[in-house]
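Me: I'd like to go through this one with you, starting with the charged side chains and then moving on to the helices. Can you take it piece by piece?

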Amino acid sequence: MGRVITREEDYRPRPSRRGSRPRTKRRPDYADARPGVVVSVDRGRFRVVPGTDLATASAEAPLITCVRASHLRKRSIVPGDRVTMTGDTSGDDGTLARIVTVAERTTVLRRSSDDTDPTERVVVANADTLVVVTATADPEPSWGFLDRTAVAAFDAGIRPLIAVTKTDLRSAAQVRDRFADVDVLIVECGFDEDGVPRIDALLPHLIDRQSVLLGHSGVGKSTLINRLVPGADRATGEVSGATGTGRHTSSSTWALPLAQGGWVMDTPGVRSFGLAHVDPDSVVASFAELAPATAQCPRGCTHAADAVGCALDAWVADGHAGASGVRRLDSLRRLLGNLA
């Protein structure tokens, strides 16, 4: 038999398993949260620059270290995301703020590990210019990679630009010929007599913009970043003599401010750029010099080399796709074949 309670002050209610706080459907509106833009992500810590847009954010403001709120634990947050923060947003050493909202993205640059991998990897958010860096030689241009990144840019609504390095080793003519009939800007960034890459032609396309640099290792991307943003100290490396490819020198994506205005996001060197997330029709539309011919193809045409009634071969043979039409058609069919 249990103890008999004889006095009211001896009564101790048993704690509720559901807790003592009343349930409510009200959620905080975070009206006083401070806006910012994510510039880097590292093991659950987010570095955020104050401001509403990265293209106009101040490079002088201290970066704020944040964690994500519990209700965002399943939400992808990447460099370029516009967020709001609560907590200590002073940016002082040892302080920590909390990301409480993530704004809708205007653009999303995505890739997959290969063309059959259904898992998307968001590279950056809200970029308006994609700068794909390629060398003329050492290493040789990867035409498939250039075509793939152009497709990803067009699919995301991002302006593609190809920055050509190492023009002292070989002319950029082959790159220009390849994309002569495509809406892709080609900018040469060769080295001067002191071995410093020229950026005069590239810089005007980056000022007051949110740009992302992408490229294979060894093409000079980090060297270009260090020239664009003095003091960035992005690690540079040599091309392997055994494989002819570069070694990964940048290990994470960082957004860096341009002194002239705008930010550039430097990404780690990539070896593959899958397009599993891109619809085949979007792939065709990215090949602007070939896409008009598909209107003459039969319904459901796969555009493969053995597809009955495909109009692409005749279109290229008649010169409508320019001097590089045959190579571009081969690239298109290779991409569609991989996606299929």
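Me: What do the side chains of Arg-333 and Asp-313 do?
Reply: They meet in a salt bridge, with an N to O distance of 2.7 Å, and I should say at the outset that this is a predicted model. The pair links distant parts of the chain, since Arg-333 belongs to helix α6 (residues 325-339) and Asp-313 to helix α5 (residues 312-317), 20 residues apart.

Me: Is Arg-333 buried or exposed?
Reply: Arg-333 is buried, because its relative accessible area is 15% and the cut-off for buried is under 20%. Its partner Asp-313 counts as partly exposed, at 37% relative accessibility.

Me: Which residues are joined into a network by salt bridges that share partners?
Reply: Asp-147, Arg-178, Glu-289 and Arg-328 are joined into one network in that way.

Me: And how many salt bridges does the structure hold?
Reply: It holds 14 salt bridges. Among them is the one between Arg-110 and Glu-120, whose side chains meet at 3.2 Å, N to O.

Me: Where do Arg-110 and Glu-120 lie?
Reply: Arg-110 lies in strand β6 (residues 108-111), whereas Glu-120 lies in the loop between β6 and β7 (121-125), so this salt bridge ties together parts that are 10 residues apart in sequence. Arg-110 is partly exposed at 22% relative accessibility, and Glu-120 is also partly exposed, with a relative accessible area of 41%.

Me: What about Arg-43, which residue does it meet in a salt bridge?
Reply: The side chain of Arg-43 meets that of Asp-42, with an N to O distance of 3.2 Å. Arg-43 is exposed, with a relative accessible area of 76%, while Asp-42 counts as partly exposed at 41%.

Me: OK, helices now. What is the angle between α1 and α6 where they pack?
Reply: Helix α1 (residues 143-156) packs with α6 at an angle of about 70°, and their axes are 11 Å apart. That angle makes α1 roughly perpendicular to α6, and α1 passes α6 in a right-handed crossing.

Me: Which residues make that contact?
Reply: From α1 the contact involves Asp-147, Arg-148 and Val-151, and from α6 it involves Arg-328, Ser-331, Leu-335 and Asn-338. Two of these names came up before, as Asp-147 and Arg-328 are both members of the salt-bridge network.

Me: Staying with α6, what does Leu-339 touch?
Reply: Leu-339, which is found in helix α6, touches Asp-115, Leu-275, Ala-276, Val-278 and Val-283, leaving aside residues up to four places away in sequence. For one of these, Val-278, the C-alpha atom is separated from that of Leu-339 by 8.7 Å, although the two residues are 61 residues apart along the chain. Leu-339 counts as partly exposed, at 22% relative accessibility.

Me: Switching to α3, which of its residues are buried?
Reply: In helix α3 (residues 221-228) the buried residues are Lys-221, Ser-222, Leu-224, Ile-225 and Leu-228. Seen down the axis of α3, they fall within an arc of 155°, so they line one face of the helix.

Me: And what do those buried residues pack against?
Reply: They pack against a set of strands, namely β8 (129-135), β9 (159-165), β11 (210-215), β12 (254-257) and β13 (263-266).

Notes
Residues numbered from 1 in each chain as written. Predicted model: local features only at pLDDT ≥ 70, side-chain atom pairs only at ≥ 80, totals over all residues. Heavy atoms only, no water. Salt bridge = Lys/Arg side-chain N within 4 Å of Asp/Glu carboxyl O. Buried < 20%, exposed > 50% of the residue type's maximum accessible area, 1.4 Å probe, protein only. Helix = DSSP H or I, 4+ residues; strand = E, 2+ residues; numbered from the N terminus. Arc of directions from axis to C-beta. Contact = heavy atoms within 4.5 Å. Axes fitted to C-alpha atoms, helices over the stretch in contact; angles between N-to-C directions. Parallel < 35°, antiparallel > 145°, perpendicular 65-115°, else oblique. Left-handed = near helix turned anticlockwise from the far one by under 90°.
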